[in-house]
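Trainee: Could you take me through one part of this model in close detail? I would like to follow a single element from one end to the other.

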Amino acid sequence: MKVLRIVLLVIVIVVALVVLGGFLVFTDWTRGPLPQHDGEISVKLPASAQAVGGLGDTVEVIRDKWGIPHVYAKNTHDLFFAQGYTQAQDRWWQMEFWRHIGSGTIQELTGQNDRVMRQDVFIRTVGWRRAAEKEVATYEADVLAVLNAFADGVNAYILNRPASDLALEYNLLGLTGVTIPIKPWTPVDTVVWSKVMAWDLSGNRDEELVRSELYESLGQEMTDIVFPPYPFDQRPTIVTADNLPISDASRTTPAGSAGIIGVDPRLAGGIRPRDALFAVTRSLGSNNWVVSGKLTDSGMPLLADDPHLGIQMPSIWYEIGLHCQPVSVDCPFDVRGFALSAAPGVIIGHNNRIAWGVTNVGPDTQDLYLLKLNPDNPLQYEWNGAWRDMTEYSETINFGDGGQPVTIKVRETHLGPVINDNQIGEDGTIGGYNTDSPMAFRWTALDPGTLMKSVWLLNQAQNWDDFREALRYWDVPSQNFVYADVDGNIGYQTPGRIPIRAAGHTGLLPVDGSTDRYEWRGFIPFDDLPRVLNPDSGFIHSANEALVPPEYYEQLRDQLADEFGADSNYVISQYWDYGYRGQRIVQLLQEYQPHSAETFAAIHGDNFNGSASELMPVLAAVDMGDETLNEVRNWLAEWDFQMNMDSPQAALWASFWARLMDNLYNDQLGDVTEAGGGSQDMWTTYLLAQDPQNAWWDNTHTPGTTETRDDILKQSFREGYDNTVRLLGSDRAQWRWGELHTATFVSNPLGISGIEVIEDIVNRGPVETGGGSSIVNATGWNAASGDFTVRSLPSMRMIVDLGNLGASQTIHTTGQSGHPYSGHYGDMIDDWRSIRYHPMLFTREQVEANAASHLTLKPGG
């Protein structure tokens, strides 16, 4: 017994030591990366940083109780140095992952992965990082100084800590055999992320491919039905006819205040529209609006913004305040708002005099050119009757788990890279040069740009003139900017490098790349792009709908004909949101006057489904052929069309809508694309509902039977009802849209590892949400996905009060921290989904009154 007791004691001690050791390791891995937010840090730059300069003076970083840092510095260099340091403290893994996305080196983080390989190869082929390197080489000294200061701040943090103390992800990925060296941050790393954002927000590359393949499979007449023109007579435009023509009157603040090109069959061997990076994402959009003082309680402007982007963890936005102490000519920044963690400055927000918000323009800045190769030399292509040389690049793909590197060859023409080289087969083999159907990709973002200069100027702008001067340099991605200032002015400006195309080049389809016939003729001059200052209506809005009425293009052609030709194509884009959100925002801006922060919040949270409201009369007139279904349909018809979390009718409508999209469209669309149920599908469905015998209503899978509108509506309603009962039970009173429409915030790459315990650590959710696609509260979902989960969302919401900047308020999706064991990792989620806000603290007094920590950064040795 004595021996047994000793053995048991030893076992207990060993188990305790193992448990204690495991607890200590767990604590070190999860709490070790949490940064110091209080006290003092002597900041030193290691030699490996290749730094331009360290801190010149002390900097204060006061974080409020929401985890938002407010940086106070005595000079511009120190301000952006401290921003880099601070953002690396809270979001380093996000920054690390983002630069690997933009560089096409994701497998250096994940190890060799067949799915990720497609993305790495494609990104290397397009050349985002090559474009960023070329751009940085053109930067002026003042812009480069800001980027270098930011990079030095990042490096002062990441190069003075082991990887295990930077992010939990390094430890967990290390268990899989992945080794990730910590490399210094550079200005190119910042700029490459701007290329990623530009990719997400630019062009019509998807639509060109989809339209091309549908012309081939369905014919032009059938295809054009599902690409209807914008309904200018029934939906608003951002700039209205009474704001035209664009004239010198809106340049400065007032004193005292074409044809279709045929399809080339060679496309059959090209890039498929359903490929991962070519997926059509029409649900992405944004809302903003601004009202003048004549429409507000306070007599001063109010401005709102909520950009819609893909759901992710942590939030894409990092909220911050950047304050020179004191503000001077040499240090002019006193700005508050939202940054991207990989970049200096504030992208959306306000300073001490002006406020701005953005939505995506979605201009056509991308084209595909069909190349004719020299049969004797794959590095030459025909151009105006002669062979022209390509540039060839070697790109080596390395793997974090030590796999054998893979080298690909990339070809680049003067039009752009050959985008469909290096196609990966089903067996994982990389195809190399495409000699059958090569396509060159022309995109404005692959040319050196000036976006960073624009951000730098925008943050210090003091009036409309400064604001417009800053936006002259905002080239890619083009955004709808709304503006307000403390003098009571409101305005709107479209910036961007938007191509002028040759006659006969609509931008809708790939064109011949063997001649200069279809080369871009130039770009629409900034002063001729749409803008408005102090409109008579007292408000301006944008929600990704058509920018301008057709009259604008007539006036633009007259203005530019002498320089670019009267036959040129001056159209900014032909792919817009179809105006459901815009129409609703205009309605509420008119109904809710006079405006306040409360009315703006009500607009942000509006869940009205305009598509359901216009289609319901048609559905209500259909005899379902079943007493129960008719009764359920009549109950649905009593709905207020609000997609609220607790709405039972919203749940039924969504199920019906998903089935209608599949039954109406997907049989004809085949494997080219799918109907996701966004605004284009909504408007097309409404138009088809007025034509019950249209061929699109026929189910091509039932030969010998010709279905009509009512047949498909009845089938879809029955299937939608059955699906709702299956998911939520037979008691309609217990149905909730929010139970189906949930948001899960996923962290890459661990959040999709397939290991539940790890996913539970880094992901947050699911949580119920209201809203839906093409609704003001735009929590987008995909009707073709088989579920109702949120895919895109309002990534933040902001309301700025120009009468009292300190009364402004905001929220973003998750929390300030990127560390899963921080209290600020997911503390904003509930407020975000409930349309609640926190104060957008601005003055030093407000910040100190709400301070949770106070960190002083001091120059090191």
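Mentor: Happy to, and let's start with burial in helix H18, bearing in mind that this is a predicted model. Of the 22 residues in H18, 20 are buried, so the helix is largely enclosed by the rest of the structure. Here buried means under 20% relative accessible area.

Now walk along the helix, which covers residues 648-669. At the N-terminal end, serine 647 acts as the cap. One of its side-chain oxygens sits 3.5 Å from the backbone nitrogen of glutamine 649. Further along, H18 has a kink of about 35°, and asparagine 663 is at its centre. After the helix comes glycine 670, with a positive phi near 60°.

You can also check the length yourself. At 1.5 Å a residue, the 22 residues of H18 should span 32 Å, and the C-alpha atoms at its two ends are 31 Å apart, which agrees. The expected span takes 1.5 Å times one less than the number of residues.

For some context elsewhere in the model, there is an open sheet of 3 strands, ordered S16-S10-S20 with mixed pairing. Its edge strands are S16 (439-443) and S20 (511-512), each pairing on one side only. S10, residues 366-370, pairs with S20 in the parallel sense over 2 bridges, and tyrosine 369 stands opposite valine 511 of S20. Helix H9 (residues 205-218) lies across S10 and S16, and runs at about 45° to S10.

Terms used. Residues numbered from 1 in each chain as written. Predicted model: local features only at pLDDT ≥ 70, side-chain atom pairs only at ≥ 80, totals over all residues. Heavy atoms only, no water. Helix = DSSP H or I, 4+ residues; strand = E, 2+ residues; numbered from the N terminus. Bend = angle between axes of the 7 residues up to and from the residue. Buried < 20%, exposed > 50% of the residue type's maximum accessible area, 1.4 Å probe, protein only. Polar contact = N/O pair within 3.5 Å; in protein donor to acceptor, adjacent residues only side chain to side chain. Pairing = 2+ DSSP bridges. Contact = heavy atoms within 4.5 Å. Axes fitted to C-alpha atoms, helices over the stretch in contact; angles between N-to-C directions.
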